[in-house]
Amino acid sequence: MPRSIRTILVTYPEHNAISEAKSLADTAGYSVEKIVTQKNITGSKYGVGRGKAQEIKDLVDQMKIDVIIFDEVLKPTQQYNLSKLCKVETIDRERLILKIFESRASSNESRIQIRLAQLRYDMFRARDKVRLAKKGEQPGFFGMGKYDADVFFLDIKRHVTLLKKKLEREERRRKLHRTQRSKLGLQTISIAGYTSAGKTTLFNALTGETKDVGREMFTTLSTYTRAISMRDIKFLLSDTVGFINKLPAYMIDAFRSTLSELTYSSLILLVLDISDPIPEVKRKYDSSIRVLNELGVPIGKVFYVLNKTDLVNGFESVTEKVNKLDMINKDCIMAVSAKSGFNIHKLKELMADLSEADRI
Ligand SMILES: Nc1nc2c(ncn2[C@@H]2O[C@H](COP(=O)(O)OP(=O)(O)O)[C@@H](O)[C@H]2O)c(=O)[nH]1
Ligand SMILES: [Mg+2]
């Protein structure tokens, strides 16, 4: 087993920012050893201030850190300065998100969309990088002059055109794929929701109870999909990529295509972190519903799972929060704790009930 990649996470000193950034890093497979926060992480030279940068450098040395994850967009110069100071690689927020999408792409179409987003990311940074290269500050990068820079841009543009053509072909093929998937004869239940709502914890809780059924039958299943059985009913359960705050516009197509499996799921478990303050739960609920609408998911297929009830004081508080949410489909709610296991069995029973009643 490869050694885990030890990281320092640099983010804002707010609970939400920290838990989202931590979950993003986890999802991308990094091991977060230390969290460093600062109110403003968009400063000019290092992103963080000089003193903070030095503090990070010391921590990198002391804790044998491999990578710095920076929860903001960094310019190549900033990335370069921080990496040069600390002598380790720096990954900014957008690169981190692209890595997650890349690891979750399950179709040719989404792989192309993600490649397109990666090219956009590189393109935004190319000019700055060329400038760095000219100053001789980053010999590892192309080492190019103006002429080479033009060629580089032209190459990216050609690549983009090519990928867009491929994408059109894949879109035409998509219908076929869906028919094939349904031939497996199993219904798919997908777990959706914001990053750090507890999707993966719920996925593990739901799949942990039963043994993997007939995995050998589904050799194409990814690590994020497992076959589970409840009573005698079998389902495919999928952990999907989370909704992300402040997702840059150029990544939206890539994000949607990685979530396309939601459109052919029989049931969507929409996980909400009920321990968030009400306005936060409401904001996440509203925008989750909006994304599901945009993806063409019928709201009747959505079942709400209110997670982290162990952090909420008493059942009344949960009920009170729910009343303020003004949900569509109010009868499709279950409060659970994926961590403690509270109501997990009940949730499974309920999924079986829905199936037997032909609701899914
Ligand atoms: N207290 C509590 N923490 C939880 C619960 N479910 C998940 N978590 C924690 O919330 C964080 C994010 O969970 P994760 O499953 O990775 O979220 P995901 O990003 O939606 O997949 C982790 O630190 C979990 O341990 C829960 O029911 N109660
Ligand atoms: Mg997860």
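**Exercise 1. The shell of ligand 1**

How many residues surround ligand 1, and which are the closest? Describe the shell by class and by element.

Solution. The model is predicted.

Step 1. Ligand 1 is surrounded by 16 residues. The closest are Ser-196, Lys-199, Thr-200, Thr-201 and Asp-310.

Step 2. Sorted by class, the shell around ligand 1 holds 8 polar, 4 charged and 4 nonpolar residues.

Step 3. Helix H7 (residues 199-208) gives the largest share of this shell, 3 residues.

**Exercise 2. Polar contacts and cover of ligand 1**

Which side chains place an N or O atom at 2.8 Å, 3.1 Å and 2.7 Å from an atom of ligand 1? State also how much of the ligand the protein covers.

Solution.

Step 1. Apply the cut-off: a polar contact is a pair of N or O atoms within 3.5 Å.

Step 2. At 2.8 Å, an N or O atom in the side chain of Thr-200 faces an oxygen atom of ligand 1.

Step 3. The side chain of Asn-307 has an N or O atom 3.1 Å from a nitrogen atom of the ligand. For the side chain of Asp-310, the distance from an N or O atom to a nitrogen atom of ligand 1 is 2.7 Å.

Step 4. On its own, ligand 1 has 580 Å² of accessible area, and the protein covers 80% of that area.

**Exercise 3. The sheet of 6 strands**

Give the strand order of the open sheet of 6 strands, then place the helices that pack on it.

Solution.

Step 1. The order is S6-S7-S5-S8-S9-S10, with mixed pairing.

Step 2. Strand S6 (225-230) and strand S10 (333-335) each have a single partner strand, so they stand at the edges and one side of each lacks a neighbour in the sheet. On average, neighbouring strands here are turned by 25° against each other, direction ignored.

Step 3. S6 and strand S7 (residues 233-239) run antiparallel and are joined by 6 bridges. Within this pairing, Lys-234 in S7 stands opposite Ser-229.

Step 4. H7 packs on the sheet and touches strand S5 (187-193), S6, S7, strand S8 (267-273) and strand S9 (302-307). The direction of H7 makes about 155° with that of S7. Helix H9 (residues 278-294) also packs on this sheet, in contact with S8 and S9, and its direction makes about 155° with that of S8.

**Exercise 4. The sheet of 4 strands**

Which strands are the edge strands of the open sheet of 4 strands, and which helices contact its strands?

Solution.

Step 1. The pairing is parallel and the order is S2-S1-S3-S4. Strand S2 (30-37) and strand S4 (89-92) are the edge strands, each pairing on one side only.

Step 2. The average turn between neighbouring strands is 25°, direction ignored.

Step 3. Strand S3 (residues 67-70) pairs with S4 in the parallel sense over 4 bridges. Asp-92 in S4 is the bridge partner of Phe-70.

Step 4. Helix H2 (residues 50-63) packs on the sheet, where it touches strand S1 (5-11), S2 and S3, and its direction makes about 150° with that of S2. Helix H4 (residues 93-104) lies across S2, S3 and S4 and runs at about 80° to S4.

Methods: Residues numbered from 1 in each chain as written. Chains lettered and ligands numbered in written order. Predicted model: local features only at pLDDT ≥ 70, side-chain atom pairs only at ≥ 80, totals over all residues. Heavy atoms only, no water. Pairing = 2+ DSSP bridges. Helix = DSSP H or I, 4+ residues; strand = E, 2+ residues; numbered from the N terminus. Axes fitted to C-alpha atoms, helices over the stretch in contact; angles between N-to-C directions. Contact = heavy atoms within 4.5 Å. Near = heavy atom within 4 Å. Polar contact = N/O pair within 3.5 Å; in protein donor to acceptor, adjacent residues only side chain to side chain. Areas by Shrake-Rupley, 256 points an atom, 1.4 Å probe, with all protein chains shown as cover. Nonpolar A, V, L, I, M, F, W, Y, C, P; charged D, E, K, R; others polar.
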